[in-house]
Amino acid sequence: MRSYGTFLWKEWTEVTRNFKLLWIPLVFLLFGFSEPLTSYYLPDILEKFGNLPEGTVIPIPHIDPAEVIAATVSQYEFIGMIVLVAAFSGTISKERQNGTATLIYARPISFTSYYLAKWTVGVIVTFLGVVPGLFISWWYTGMLFEYVEIEKFFSFVGIYLVWWLFVLTVIVTLSAWFRSALATVLSFAVVILIPIILSFVGNYWPMHPWKLTSYAIAWMRDGVDSNDIWITIGLTVMISLFLLWLGIIGAKVNTKKAKIS
Amino acid sequence: METLPAIPWMIIAPLLIIQFILVVVALIDLSKIDRTNGPKLLWVFLIIFINIIGPILYFTVGRKQA
């Protein structure tokens, strides 16, 4: 595992050089700030730009602070996912395509270290975005409306991060197995398309990774836990571990696909 | 423009700062990079004039990795 440190360093230099370490967290932060603000100023915005007839009174329902954080989450579920897929779906496959891989594969490397280093850096970058972003959202929501209890908020973040771990594992594993373009398409299918399909048909099947987000939000809202949550978390962690293993195999098997330039 | 003082700049400032950093970083990177997908000048305009999405687009699809 000594090569793990070397690979980690290589990946780390790479994400700093191509600014991923900077812009990905910034994008998440941006939505952490903007969602509470939008909710807060929505009445004003409607009044100023909504072209409503003179004297219209919009009854604004009492806003539940958990609702505002949930709005941030729904931005993350869409834009955050796009950003992440775009940033990491080429992480292994691109090295095979542009010839970097030939420099790496020429040595007797440990594919476990190689894969895990990529995965680790991906996780760090993602968490540096999601965690501060959510915290900012919590803080701003507290300032503008009221605070969500911090314990509930932390349990929410904890559960939610399991979902992001799963997402990242899927993306990196797909990148290990397929070409960049295909990996990107498949990643989008997994993180954006499947949730949409499941939201139509998945009501009768309470335990799968795609449920994690709604469980996390439900926990923040009501503070209740049910057995389903724990089983879902366990299941997701197990699937992620399996995917990690599959990814390492994939990285190894596909060495022959590396383009020699 | 009479509503301008009513805007709580302190609250909105972080948003503007982040956008500004994104734009500046994207432009710096653009000036250093060899080639982009599509003409460079187009990216200059996209980064500057499209809020938030411009720089994100540049970083995701605009950069051509060597």
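A polar contact here is a pair of N or O atoms within 3.5 Å; within protein, one of the two must be able to donate a hydrogen and the other to accept it, and residues adjacent in sequence count only if both atoms are side-chain atoms. Ser175(A) offers a case: its side chain reaches the backbone nitrogen of Ser93(A) at 3.1 Å. The model is predicted, with local features needing pLDDT of at least 70 and side-chain atom pairs counting only at pLDDT 80 or more, while totals for chains, interfaces and linings use all residues. Side-chain values use heavy atoms, with hydrogens and water left out, residues are numbered from 1 along each chain as its sequence is written, and chains are lettered from A and ligands numbered from 1 in the order in which they are written.

Back to the serine. Ser175(A) sits in helix H7 (residues 150–177) of chain A, where helices are DSSP runs of H or I with at least four residues, strands are runs of E with at least two, and both are numbered from the N terminus. Ser175(A) counts as buried because its relative accessibility is 0%; the scale calls a residue buried under 20% relative accessible area, exposed over 50% and partly exposed in between, using a 1.4 Å probe and protein chains only. Once neighbours within four places in sequence are set aside, Ser175(A) is in contact (heavy atoms within 4.5 Å) with Phe88(A), Ser89(A), Gly90(A), Thr91(A), Ile92(A), Ser93(A), Arg96(A) and Ala183(A).

A second serine, Ser187(A), is found in helix H8 (residues 180–201) of chain A. Ser187(A) also comes out as buried, because its relative accessibility is 0%. Its contacts, again without the neighbours within four places in sequence, are Val85(A), Ser89(A), Ile171(A) and Leu174(A). Ser89(A) thus turns up in the contact list of Ser175(A) and in that of Ser187(A).

Now the charged pairs. Over all chains, the structure holds seven salt bridges, a salt bridge being a side-chain nitrogen of Lys or Arg within 4 Å of a carboxyl oxygen of Asp or Glu. One of them pairs Lys10(A) with Glu95(A), with the closest N and O atoms 2.6 Å apart. That pair links distant parts of the chain, since Lys10(A) belongs to helix H1 (residues 2–17) of chain A and Glu95(A) to helix H4 of chain A, 85 residues apart. Lys10(A) is partly exposed, at a relative accessible area of 24%, whereas Glu95(A) is buried at 4%.

Glu95(A) has another partner in Lys118(A), and here the closest N and O atoms are 3.0 Å apart. Lys118(A) lies in helix H6 of chain A, 23 residues from Glu95(A) in helix H4, and both residues are buried. Through shared partners, salt bridges join Lys10(A), Glu11(A), Glu14(A), Glu95(A) and Lys118(A) into one network.

Elsewhere, Glu67(A) and Arg221(A) meet in a salt bridge with an N to O distance of 3.3 Å. Glu67(A) is in helix H3 of chain A and Arg221(A) in helix H9 (residues 212–222) of chain A, so the bridge ties together parts that are 154 residues apart in sequence. Glu67(A) is partly exposed at 41%, and Arg221(A) is partly exposed at 34%.

On to the interface. Chain A and chain B each bring 20 residues to the contact. The area buried between them is about 1,800 Å², with carbon and sulfur atoms giving 84% of it; buried area is the accessible area (1.4 Å probe) that two parts lose on being put together, summed over both. Phe19(A), Trp23(A) and Leu30(A) supply 31% of the area that chain A buries against chain B, more than any other three residues. Across this interface the rule finds zero salt bridges and one residue pair in polar contact, both at pLDDT 80 or more. On the chain A side, helix H2 (20–49), helix H3 (65–88), helix H4 (93–98) and helix H6 (111–144) each supply at least two residues, and H2(A) gives the most, with 11 residues.

As for chain B, it has three helices and zero strands. Of its 66 residues, 33% count as buried. The UniProt record (an unreviewed entry) annotates residues 21–63 of chain B as "domain: Cardiolipin synthase N-terminal"; UniProt positions follow the numbering used here, feature names are shortened, and annotations may be inferred rather than shown by experiment. This span is 74% helix and 0% strand, and its end C-alpha atoms lie 18 Å apart.
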